[in-house]
Amino acid sequence: MGTGNAAADAALRILVVEDEALIALELECLLDDLGHVTVGVAGNATEAIAMGRSTAPDVALVDIHLVDGPTGIEVARALSADRRTTVVFMTANAKRIPADFAGAIGVIAKPYSERVVASTLDYVADRRAGRDGPACPDGFSPAPV
């Protein structure tokens, strides 16, 4: 799977919230290559929240600016309300993230690399499992504590 302790764990179930079809497809392929399962792809807030509630993903990778506007913040708040789902922003618009990160644990800046996505998912898996893994991976900015 990735590079850390998470490689020995079961695949993460991931919801991709991205309105750019090419980026979403590329991300789906990357997640598959890393051994994870994409439970759905949503391009707007309504679809993302509905998919999140129906699939209860382990992780939601959420862009801030979707086809219906900067609604990724709303999506993050709704999905992170379910403790089973860990939200990570993936955006080129990090300045739009509120101070409380809307319940997300951090952000991957676009454009991202495969290495950053892989190491971030390992980091998330370690945190979800209650393990003290390595420090935050390069390319991932954690939410303030």
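## Cores, spaces and one buried histidine

His 36 lies in the loop between α1 and β2 (37–42), where helices (H or I, at least four residues) and strands (E, at least two) are DSSP runs numbered from the N terminus. This is a predicted model, in which local features need pLDDT of at least 70 and side-chain atom pairs count only at pLDDT 80 or more, while totals for chains, interfaces and linings use all residues. Residues are numbered from 1 along each chain as its sequence is written, and side-chain values use heavy atoms, with hydrogens and water left out.

His 36 counts as buried because its relative accessibility is 6%, the term buried meaning under 20% relative accessible area, exposed over 50%, and partly exposed in between (1.4 Å probe, protein chains only). A polar atom of the His 36 side chain lies 3.1 Å from the backbone nitrogen of Leu 12.

In soluble globular proteins, nonpolar side chains tend to be buried together. Here the largest nonpolar core (a set of buried Ala, Val, Leu, Ile, Met, Phe, Trp, Tyr and Cys residues joined through side-chain atoms within 4.5 Å) has 23 residues, and those with the most contacts inside it are Ile 14, Leu 27, Leu 31, Leu 61, Val 117 and Leu 121. At least two residues of this core come from each of β1 (13–17), α1 (21–33), β3 (59–62), β4 (86–91) and α4 (114–128), and α4 gives the largest share, 7 residues. Apart from this core lies another, of 22 residues, among them Ile 73, Leu 79, Val 87 and Ile 97.

The model also has open and enclosed spaces. On a 1 Å grid over the protein atoms alone, a cavity is a set of points where a 1.4 Å probe fits but cannot get out, a pocket is an open set with protein on both sides within 12 Å along at least five of seven lines, and lining residues have an atom within 4 Å of a point. Grid points are joined across faces, edges and corners, and a volume is the space filled by probe spheres set on the points.

| Space | Volume |
|---|---|
| Largest pocket | About 240 Å³ |
| Largest cavity | About 50 Å³ |

The elements that give two or more residues to the lining of the largest pocket are β4 and α4, and the largest share, 3 residues, comes from α4. For the largest cavity, the elements giving two or more lining residues are β1, α1 and β3. Leu 61 is one of the residues that line this cavity, and Leu 61 is also among the residues with the most contacts inside the largest core.

Key: A polar contact is a pair of N or O atoms within 3.5 Å; within protein, one must be able to donate a hydrogen and the other to accept it, and residues adjacent in sequence count only if both atoms are side-chain atoms.
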